[in-house]
Amino acid sequence: MTDAVQRGRTAPEAIQILWREHANISRVLTCLEDLVSDAAAPLEMDRLRAIFDYMEGFADTLHHPKEEHYLLPALVRRKPDLALLVQKIQEEHDESAAVMTDLRRSFEACRRDPGAAPHFRALAKDYVDFQRRHMMREDQGLLPVALEVLTDADMDALNQAFTRAEDPLIGAEHQGEFQRLFDAIVSDSPP
Ligand SMILES: [Fe+2]
Ligand SMILES: [Fe+2]
């Protein structure tokens, strides 16, 4: 696979899909960071809720399963010494959902008590840092290795899995809904 990419061909569709999804998640995280950075500014509750819905509904529910059910097993099959890194990635996926639960709880507390805002802002910044570290681990430690060790047949299987419309894990029927949510979240932010 490396040869094909080095010869100037574009990366396989499955890898491009993951890169695109990471880019979108990054933009949403930047919006979240911007919304909680200025302690003097009132919290934009509707926009924050949209961000949580996107991270929970898209990143945790559709993006992570693509990696867990298809990419990670293929990688460990071809390169068993990746097992520890893969385990770390899976643990972070579990942690991602748990941290979002705490963040939502803290967010709801702000609605009842404005004094809870500093704690919420701190949690939100930790969440952004956590998600960025996680994606960096994948972008730098996982996807380049995938391009190197997965065979053309492995990539074909991933391409098919990621574009299989009827697979609930891929959630094709929700793509439009999450694209609209994404567009609404990033509408005021630079590309
Ligand atoms: Fe991930
Ligand atoms: Fe990812």
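# Reading a predicted helical chain

Trainee: Why is E177 called partly exposed?

Mentor: In this predicted model, E177 has 13 other C-beta atoms within 10 Å. A residue counts as exposed at 12 or fewer and as buried at 20 or more, so a count of 13 places E177 in between, as partly exposed. E177 lies in helix α8, and the C-alpha atoms of E177 and Y54 are separated by 9.8 Å, although the two residues are 123 apart along the chain.

Trainee: G176 is also found in helix α8; what makes G176 count as exposed?

Mentor: The count for G176 is 9 C-beta neighbours inside 10 Å, and because the limit for an exposed residue is 12 or fewer, G176 falls in that class. G176 and D154 are 22 residues apart in sequence, with 28 Å from C-alpha to C-alpha.

Trainee: How do you know which class D60 belongs to?

Mentor: D60, whose place is in helix α3, has 16 C-beta neighbours inside 10 Å. Since 20 or more would be needed for buried and 12 or fewer for exposed, D60 counts as partly exposed. Leaving aside neighbours within four places in sequence, D60 is in contact with M55, S96, A97 and M100, and the C-alpha atoms of D60 and H93, 33 residues apart in sequence, are 7.1 Å apart in space.

Trainee: How much confidence does the predictor place in the protein chain, and where is that confidence lowest?

Mentor: The protein chain averages a pLDDT of 90, and 91% of the residues score at least 70. Confidence is lowest in helix α1 (residues 2–6), with a mean of 50, and highest in helix α5 (residues 117–141), at 97. Where pLDDT is low, the predicted coordinates should not be read in detail.

Trainee: What makes the protein chain as compact as a globular protein of its length?

Mentor: The secondary structure comes to 8 helices and 0 strands. The radius of gyration is 18 Å, and the globule rule gives 16 Å for 191 residues; these values are close, so the chain is as compact as a globular protein of that length. The C-alpha trace spans about 55 × 35 × 30 Å along its principal axes, and buried residues make up 25% of the 191 residues.

Trainee: How do you know whether the length of α5 agrees with what its residues should span?

Mentor: At 1.5 Å a residue, the 25 residues of α5 should span 36 Å, and the end C-alpha atoms are 35 Å apart, which agrees. The buried residues of α5 are A124, Y127, V128, Q131, H134, M135 and E138, and what covers them includes α2, α4 (83–112) and α6 (143–149).

Trainee: What does the corresponding reasoning give for α4?

Mentor: The 30 residues of α4 should span 44 Å at 1.5 Å a residue, and with the end C-alpha atoms 45 Å apart, the two values agree. In α4 the buried residues are V86, I89, L103 and F107, and they pack against α3 and α5.

Trainee: Why are the buried residues D154, M155, L158 and F162 placed on the same side of α7?

Mentor: These four are the buried residues of helix α7 (residues 152–162). They cover an arc of only 95 degrees around the axis, which puts them on the same side of α7. An α-helix has 3.6 residues a turn, so residues three or four places apart point the same way. The face turned away from the buried side of α7 carries the exposed residues D152 and A153, whereas the buried residues pack against α2 (13–37) and α3 (45–78).

Trainee: Which members of the largest nonpolar core touch the most other members?

Mentor: Of its 20 residues, V28, L32, I51, Y54, M55 and A124 do. The elements that give two or more residues to this core are α2, α3, α4, α5 and α8 (175–186). Not counting residues up to four places away in sequence, A124 touches L32, V36 and L103. A second, separate core of 16 residues includes L75, V86, L150 and L158. In soluble globular proteins, nonpolar side chains tend to be buried together.

Definitions and conventions. Residues numbered from 1 in each chain as written. Chains lettered and ligands numbered in written order. Predicted model: local features only at pLDDT ≥ 70, side-chain atom pairs only at ≥ 80, totals over all residues. pLDDT = per-residue confidence, 0-100. Arc of directions from axis to C-beta. Contact = placed C-beta atoms within 7 Å. Rg over C-alpha atoms; globule rule 2.2 N^0.38 Å. Expected span 1.5 Å × (residues − 1). Core = buried A, V, L, I, M, F, W, Y, C linked by C-beta atoms within 7 Å.
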